[in-house]
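Q: I am new to this structure and would like a close look at a single part of it. Please take me through that part step by step, and then through some of what lies elsewhere in the model.

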Amino acid sequence: MPTSAPSSMSTPLAMPAQAIAPQQILRVEQGLPPLDQLIGQYGQRPLVVAGDQSLGVFQPYLQAFSTTLAVAVATYGQDCSQTSLQRLRQTVANHEADVIIGVGGGKALDAAKLLANQCHCPVITIPTSAATCAAWTALSNLYTETGAFQSDVSLPRCPDLLILDYALVKKAPARTLIAGIGDALAKWYEASISSGQSQDTLTIAAVQQARVLRDILFQKSAAALAEPGSEVWQQVVDATVLMAGVVGGLGGAQCRTVAAHAVHNGLTQLPCTRSSLHGEKVAYGILVQLRLEELLQQNHLAATARHQLLKFYGDIGLPTTLADLSMGDLPLSQLQAAAEFACRPDSDLHYLPFIVTPETLMAAMVSTTAAISPCPGVGVAMAVACCPKDLGRSETIALPENLRTGFCTDEVTP
Ligand SMILES: [Zn+2]
């Protein structure tokens, strides 16, 4: 038996640390928890970072701990942007804040997490909607002041405390939960592509959890939306806020987003981006990703999966086309700008096992509702013809030469 540890064990962090879960998760079904005691564990001078709308519903919370703790409140502004963070860091300094409380949807929570990391403070997340799993994850998305996606920032740890108060989430519009369902669904469609071949145990666990998450959403979403506040509604909220976070935590950097989020990131570059929610754009992006697999890999399973999703989206009210995202009249130049952003060299879109150009991506973007082709060779040209209204009548896409070959006789040239 060796008397001392092998030298390789003297380096304890041979693998990168993985931020899997918040330190504490508190699920509140009835009444307010003793917030002053809970928050007091982390600091005495909290700074609440919220959106304007969230602050209104959060007032009873504020009253519950503002008598015993020295609370300051700041809004994150238009987006989780460098400008907002700079201003918030100044607020932290002025208030001498020792704990950050993020209150709101994804952008508020992302801003709070990133701010806490920059200021070396603990962070508490209190989601006011089930639109994303941002309350759980060790990740923040950075945007410009006008809402264009810039980059995602990995954080060293998940939040210190997550308070999921169902009464608070129930006050949010149903549309936010629908968007959360879309965002959570993407976990399976993206993780199975980026990590489906992995032999790493935790990554396998993450991918399989993503599949289970998808199945829960398929089974329960319609019932949940029909009866907000019910047990099944709560189960779906748990799926979008908590279980989607588990997938991200277990999968870590190995379990990347792929084309669905890349399409979202591209769409945020357009001026009309603010009329749709993150999860709505991501849900549409899943259809685009599947369409790419059909067009470029002749993947029949992807076509079947896309039609399964189209039915499901129709049942619960997720967008299936650019028109559904209020982008039906998009000029071709803007569609191209979005596609080019999504195809940047460092984009997660390139985790797809085939090469995607902006032109093929545009063709997939305008044909998300195309019928299943009986002929695997029917490709992008056909795709363009399927959805002319999304393209604008007089505009055309220049198709890559390799996609013009091998089509069926019913190929349509725009
Ligand atoms: Zn997302």
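A: **A residue in helix α8 and its surroundings**

In this predicted model, Val236 is found in helix α8, which covers residues 231-251. Val236 has 25 C-beta neighbours inside 10 Å, and because a residue with 20 or more is classed as buried, Val236 counts as buried. If neighbours within four places in sequence are left aside, the contacts of Val236 are Leu177, Leu217, Lys220, Ser221 and Ala224. One of these, Leu217, is 19 residues away from Val236 in sequence, while the C-alpha atoms of the two are 6.7 Å apart in space.

Turning to a pair of helices, α9 (residues 259-267) packs with α12 (residues 332-342) at an angle of about 135 degrees, and their axes are 7 Å apart. The two helices, α9 and α12, are therefore oblique to each other, and their crossing is right-handed. On the α9 side the contact is made by Ala262, Val263, Asn265, Gly266 and Leu267, and on the α12 side by Ala338, Ala339, Phe341 and Ala342. Sorted by class, this contact of α9 with α12 holds seven nonpolar residues, two polar ones and no charged ones.

There is also the largest nonpolar core, which has 120 residues, and the members that touch the most others are Val49, Ile100, Ile101, Ala111, Ala112, Leu115 and Ile286. For Ile100, again leaving aside neighbours within four places in sequence, the contacts are Leu47, Val49, Ala112, Leu115, Ala116, Cys121 and Val123.

How values were computed: Residues are numbered from 1 along each chain as its sequence is written. This is a predicted model: local features need pLDDT of at least 70, side-chain atom pairs count only at pLDDT 80 or more; totals for chains, interfaces and linings use all residues. Axes are lines fitted to C-alpha atoms, for helices over the stretch in contact, and angles run from 0 to 180 degrees between N-to-C directions. Helices (H or I, at least four residues) and strands (E, at least two) are DSSP runs, numbered from the N terminus. Angles under 35 degrees count as roughly parallel, over 145 as roughly antiparallel, 65 to 115 as roughly perpendicular and the rest as oblique. A crossing is left-handed if the near helix is turned anticlockwise from the far one by less than a right angle, and right-handed if clockwise. Two residues are in contact if their C-beta atoms, placed from the backbone, lie within 7 Å. Ala, Val, Leu, Ile, Met, Phe, Trp, Tyr, Cys and Pro count as nonpolar, Asp, Glu, Lys and Arg as charged, and the others, Gly among them, as polar. A nonpolar core is a set of buried Ala, Val, Leu, Ile, Met, Phe, Trp, Tyr and Cys residues joined through C-beta atoms within 7 Å. A residue is buried if 20 or more other C-beta atoms lie within 10 Å of its own, exposed if 12 or fewer, and partly exposed in between; C-beta atoms are placed from the backbone.
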